[in-house]
Amino acid sequence: MEGVLTRTTTGRPGVAAVGALLVVCLVGAPLMSLFPVAVWELALSLGLGRPELETLLVTPVAVGGTVLMVLISALVLRGTGVRHPAACACLAAGTALATPLVMALLSPTFMPVPGDALVNAAVVSAVVASAAVCACVLLGQGHARHGVLPGMAVAAVGLLLLPLAAEHTRDRSTERRSISQISEFGHTIAVLDHPEWAPVGVHEVHGGLRMTYVAGDGADPLGTVPERKVPPRSDGPDEAPDGDRPGAPATGEVAGGPGVGADRADENEPGSLHVLSWTPEQRESGIHGGCGFPAVECSEQDSMVVVHRDADGHPPRLSEVRTRLDDGSVASVHPSGAVAPELLFTVARTLRAEAPGERAVLIEEVLRG
């Protein structure tokens, strides 16, 4: 098989052939990539309740539409003198139809351009199809007789690289979000001032900014601070009922404190915990906010508030330790995974308010972690 482009008397590829290939790749491929979605929506709209009937009715539409797209592309390419128009049309159509499927199954989070999944699938289809055809053109010049085989190889490699591209863009998005959340937080950030702990993640949650810290490998997170046992639970809440205390949590909040739990599984590992910097709005209810809720027990120790909660009928367990920082702001320490109660209480004693200019250091540590 010779190259895919026809040539003029000067030996250069014909302008019409190049234009036809660009039209098929940049216009036809995105439109063809939307065809599987249209067929799927058609199947759902039938509502027959019997998958075999829906398959029987939709299959001719899918096959006929695919054949029609290939024929139209082949006719356009043939009219401009492109060699092997049928093979080139099949290459463009196959790439366009496979790209949305690969993106949905292997890289659903890959969003290189603004817009929904359909827009991104159309753009990626155009890029992959254009790269495949360019490979055919570049490797089909002179005496080469590769035909569309280079294009098929490039299309396959491009589709296989989509999951890696999705992972890269997700990491970049996480970095940008972490930077903006730390730099744009308009209130005091609590810092865990301990040499063995490092921040690895940040999330904006209800009630404040939550930093996730992990202890170094083989480190003793209690080594530089004297151990101190958590005081025993009281028999009941120390605070007045909700009606006598301002700022009770609104409906739908987690009773007794904001930001409990983790968003990512890798943050729920032993040796990690959460430090929540409260916003002024959350501080309005006071450091004892939520202690009057059922199944919530609070006790005090050295101006700290230790909160136990009853989870799903189990005996109350340590949920958080709250403390006031030097500037009057409030922060709390929450367990993440298998964290010893002594650790929460000890870590809460090491919390301090951020120093001027320290946010740049926090951002660097989070990105490095």
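Start by selecting Asp193: at 44% relative accessible area, this residue is partly exposed (buried is under 20%, exposed over 50%, partly exposed in between, with a 1.4 Å probe and protein chains only). You are looking at a predicted model, where local features need pLDDT of at least 70, side-chain atom pairs count only at pLDDT 80 or more, and totals for chains, interfaces and linings use all residues. Residues are numbered from 1 along each chain as its sequence is written, and side-chain values use heavy atoms, leaving out hydrogens and water.

**The salt bridges**

Add Arg352. Its closest N–O approach to Asp193 is 3.0 Å, a salt bridge (a side-chain nitrogen of Lys or Arg within 4 Å of a carboxyl oxygen of Asp or Glu). Arg352 sits in strand S9 (residues 351–353) and Asp193 in the loop between strands S1 (190–192) and S2 (197–205), so the pair ties together parts 159 residues apart in sequence. Strands (E, at least two residues) and helices (H or I, at least four) are DSSP runs, numbered from the N terminus. Arg352 is partly exposed, at 22%. Now add Glu358: with Asp193 and Arg352, Glu358 belongs to a network of salt bridges.

Next, select Arg309 and Glu320. Their closest N and O atoms are 2.6 Å apart, in another salt bridge. Arg309 lies in strand S6 (residues 304–309) and Glu320 in strand S7 (residues 317–324), so the pair ties together parts 11 residues apart in sequence. Both Arg309 and Glu320 are buried.

Go on to helix H10 (residues 359–368). Glu364 and Arg368 are four residues apart there, about one helical turn. Their salt bridge has its closest N and O atoms 3.6 Å apart. Glu364 is partly exposed, at 49%; Arg368 is exposed, at 59%. The structure holds six salt bridges.

**Helix H3**

Select residues 51–79. The end C-alpha atoms of H3 are 42 Å apart, in agreement with the expected 42 Å for 29 residues (1.5 Å times one less than the number of residues). Stop at Val58, where H3 kinks by about 30°, shortly before Pro60. That bend is the angle between axes fitted to the seven residues ending there and the seven starting there. Buried residues of H3 include Glu54, Val58, Gly65 and Met69. Just past H3, find Gly81, with a positive phi near 85°.

**Helix H1**

Finish at residues 15–33, helix H1. Which helix holds Val27? Val27 is found in H1, and counts as partly exposed at 45% relative accessibility.
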